[in-house]
Amino acid sequence: MEKTFLMVKPDGVQRGLIGTIMARFEKKGFQLIGAKLMQLTMEQAEHHYAEHVSRPFYGELVEFITSGPVFGMVWMGDEVVAHSRAMMGKTNPLEAAPGTIRSDYAMHKGINIIHGSDSPEAAEREIHHFFKPEELVTYKRCL
Ligand code: CMP
């Protein structure tokens with residue numbers, strides 16, 4: 001079953017949106033297999049955003065993601081990577097479709113509430129980076 005890594009960014013945590021965001025994924029039907037509040041170190045942030053190192057906004061990105069607690073989650077389900085990206089909406093909230101998380105709760109493309117893995121391969125890397133295997137649960141049966 002496919003997995004993804006989602007992270008409520010510092011703006012979403014400070015605005016009290018963790019529960020609202022989790023409810024959207026629960027209601028969609030995905031299963032939560034891991035979650036934790038984290039204060040990212042500079043090293044974790046630089047590792048997570050390594051592919052953006054040459055972008056002009058890289059400094060802001062790392063500064064923002066380390067500016068306060070984030071809430072990391074691992075969700076599981078059929079095509080959860082593509083579904084969760086559709087539910088998040090485009091990076092720029094102005095271009096995100098109405099009803100998506102970024103359209104509903106964000107204004108700025110750098111301060112946009114949530115991160116989600118962009119492929120199943122990225123999800124595996126990001127889950128491994130932020131979670132130990134023993135921090136993830138398994139469900140014996142679906143209720
Ligand atoms: P995220 O999914 O966390 O991964 C990369 C992040 O870079 C993205 O979300 C945006 O928040 C951020 N980003 C992309 N473009 C810009 C930009 N032009 N200015 C500031 N931040 C950006």
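Q: Is His115 buried or exposed?
A: This is a predicted model, in which local features need pLDDT of at least 70 and side-chain atom pairs count only at pLDDT 80 or more, while totals for chains, interfaces and linings use all residues. Residues are numbered from 1 along each chain as its sequence is written, and side-chain values use heavy atoms, with hydrogens and water left out. A residue is called buried under 20% relative accessible area, exposed over 50% and partly exposed in between, with a 1.4 Å probe and protein chains only. Because the relative accessible area of His115 is 12%, this residue is buried.

Q: Which feature does UniProt place at His115?
A: UniProt positions follow the numbering used here, feature names are shortened, and annotations may be inferred rather than shown by experiment. The entry concerned is unreviewed, and the feature it places at His115 is "active site".

Q: In which strand is His115?
A: Helices (H or I, at least four residues) and strands (E, at least two) are DSSP runs, numbered from the N terminus. Leaving aside neighbours within four places in sequence, His115 is in contact (heavy atoms within 4.5 Å) with residues including Phe5, His48 and Glu126. His115 itself belongs to the run of residues 114-116, which is strand E4.

Q: How much of the accessible area of the ligand does the protein cover?
A: The residues around the ligand, meaning those with a heavy atom within 4 Å of it, include Lys9, Tyr49, Arg102, Lys109 and His115. For polar contacts, which are pairs of N or O atoms within 3.5 Å (within protein, one must be able to donate a hydrogen and the other to accept it, and residues adjacent in sequence count only if both atoms are side-chain atoms), a polar side-chain atom of Tyr49 lies 2.6 Å from a ligand oxygen atom, and an N or O atom in the side chain of His115 is 3.1 Å from a ligand oxygen atom. Of the 460 Å² of accessible area that the ligand has on its own, computed by the Shrake-Rupley method with a 1.4 Å probe (for residues, only the protein chains shown count as cover), the protein covers 82%.

Q: Is Thr100 buried or exposed?
A: Thr100 lies in the loop between H5 and helix H6 (101-105). Leaving aside neighbours within four places in sequence, Thr100 is in contact with Arg24, Ala86, Met87, Met88 and Gly89. Since its relative accessibility is 8%, Thr100 counts as buried.

Q: Is Ala86 buried or exposed?
A: Ala86 is found in helix H5, which spans residues 80-88. With a relative accessibility of 52%, Ala86 therefore counts as exposed.
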